[in-house]
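Please open the model in a viewer and keep the sequence panel beside it. The tour below proceeds from one selection to the next.

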Amino acid sequence: QVKLEESGGGLVQAGESLRLMCEYSYSTWSNRGWAWFRQAPGKERQFIAAITWNGQQSRYAASVKDRFTISVDNSKKTVYLQMDSVSPEDTAIYYCARDRRPIYTGNLYSVDNMEYWGQGTQVTVSS
């Protein structure tokens, strides 16, 4: 069983930065990666960023590339999402998830590929 808990969301102004955290816990070691998704009101949950279990490779959606950075610290069992230069379009609930595919390094990330989810954290960006 894997448990994920996001934190770090809040209200920020456009152009500012925010760092989200996702603390994970599981009973056995895994080589599955991590991802962040977000869901705005009335929209489907969309992929934002992903990282391999060892932090060596990452992937980003075009909408956040060069503004957001995903990282993982396995010694702290935490996945991070650094959000810089945020805009009102980034307003959404942000979810942390664990990939169900072992050692995956491709470019295909969808809700169906994720096995475990956190409860989400709200990010609101004012203009």
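Select Met83 in this predicted model and display its surroundings. Leaving aside residues up to four places away in sequence, Met83 touches Glu16, Ser17, Leu18, Leu20, Arg67, Phe68, Tyr94 and Val123. Met83 also belongs to the largest nonpolar core, which has 36 residues; together with Trp36, Leu81 and Tyr94, Met83 touches the most other members. In soluble globular proteins, nonpolar side chains tend to be buried together.

Next, select strand 8, residues 78–83. Strand 8 pairs with strand 3, residues 18–26, in the antiparallel sense over 6 bridges. Within this pairing, place the view on Met21, which stands opposite Tyr80 of strand 8.

Remain on strand 3 and show its side chains. Which of them point to the buried face? Leu18, Leu20, Cys22, Tyr24 and Tyr26 do, and they are buried. Arg19, Met21, Glu23 and Ser25 point to the other face and are not buried.

Now add strand 1, which is joined to strand 3 by 6 bridges in the antiparallel sense. Here Glu5 has Glu23 of strand 3 as its bridge partner.

Extend the selection to the whole sheet. It is an open sheet of 4 strands in the order 1-3-8-7, paired antiparallel. Strand 1 (2–7) and strand 7 (68–73) stand at the edges; each has a single partner strand, so one side of each is left without a neighbour in the sheet. On average, and with direction ignored, neighbouring strands of this sheet are turned by 15° against each other.

Select strand 9, residues 92–102, next. Of its 11 residues, 8 are buried, so strand 9 is largely enclosed by the rest of the structure. Three pairings can be followed from here.

- Strand 4 (residues 32–39) runs antiparallel to strand 9 and is joined to it by 7 bridges; Arg32 has Pro102 of strand 9 as its bridge partner.
- Strand 10 (residues 114–117) is likewise antiparallel to strand 9, with 3 bridges; look for Arg98 opposite Tyr116 of strand 10.
- Strand 11 (residues 121–126) pairs with strand 9 in the antiparallel sense over 3 bridges; the bridge partner of Ala92 is Val123 in strand 11.

Val123 has already appeared on this tour, among the residues that Met83 touches.

Move to Ala50, located in strand 5, residues 46–51. Is Ala50 buried or exposed? Its relative accessibility is 1%, and a residue under 20% is classed as buried, so Ala50 counts as buried. Apart from residues up to four places away in sequence, Ala50 touches Trp34, Ala35, Gln57, Ser58, Arg59, Ile70 and Tyr109. Measuring from Ala50 to Gln122 in the viewer should give 19 Å, C-alpha to C-alpha, for two residues 72 apart in sequence.

Finally, clear the selection and view the entire chain. The chain contains 11 strands and 0 helices. Its C-alpha atoms fill a box of roughly 45 × 25 × 25 Å along the principal axes. The radius of gyration is 14 Å, which agrees with the value near 14 Å for a compact globule of 127 residues. Buried residues make up 43% of the 127 residues. Among contacts with a separation of 6 or more, 57% link residues 24 or more positions apart. With the surface displayed, the accessible area comes to about 6800 Å², of which 46% belongs to carbon and sulfur atoms.

How values were computed. Residues are numbered from 1 along each chain as its sequence is written. This is a predicted model: local features need pLDDT of at least 70, side-chain atom pairs count only at pLDDT 80 or more; totals for chains, interfaces and linings use all residues. Side-chain values use heavy atoms; hydrogens and water are left out. Two strands pair if DSSP finds at least two bridges between them. Helices (H or I, at least four residues) and strands (E, at least two) are DSSP runs, numbered from the N terminus. Axes are lines fitted to C-alpha atoms, for helices over the stretch in contact, and angles run from 0 to 180 degrees between N-to-C directions. Buried means under 20% relative accessible area, exposed over 50%, partly exposed in between (1.4 Å probe, protein chains only). The radius of gyration is taken over C-alpha atoms; the globule rule is 2.2 Å times the number of residues to the power 0.38. Contact means heavy atoms within 4.5 Å. Accessible areas come from the Shrake-Rupley method with a 1.4 Å probe; for residues, only the protein chains shown count as cover. A nonpolar core is a set of buried Ala, Val, Leu, Ile, Met, Phe, Trp, Tyr and Cys residues joined through side-chain atoms within 4.5 Å.
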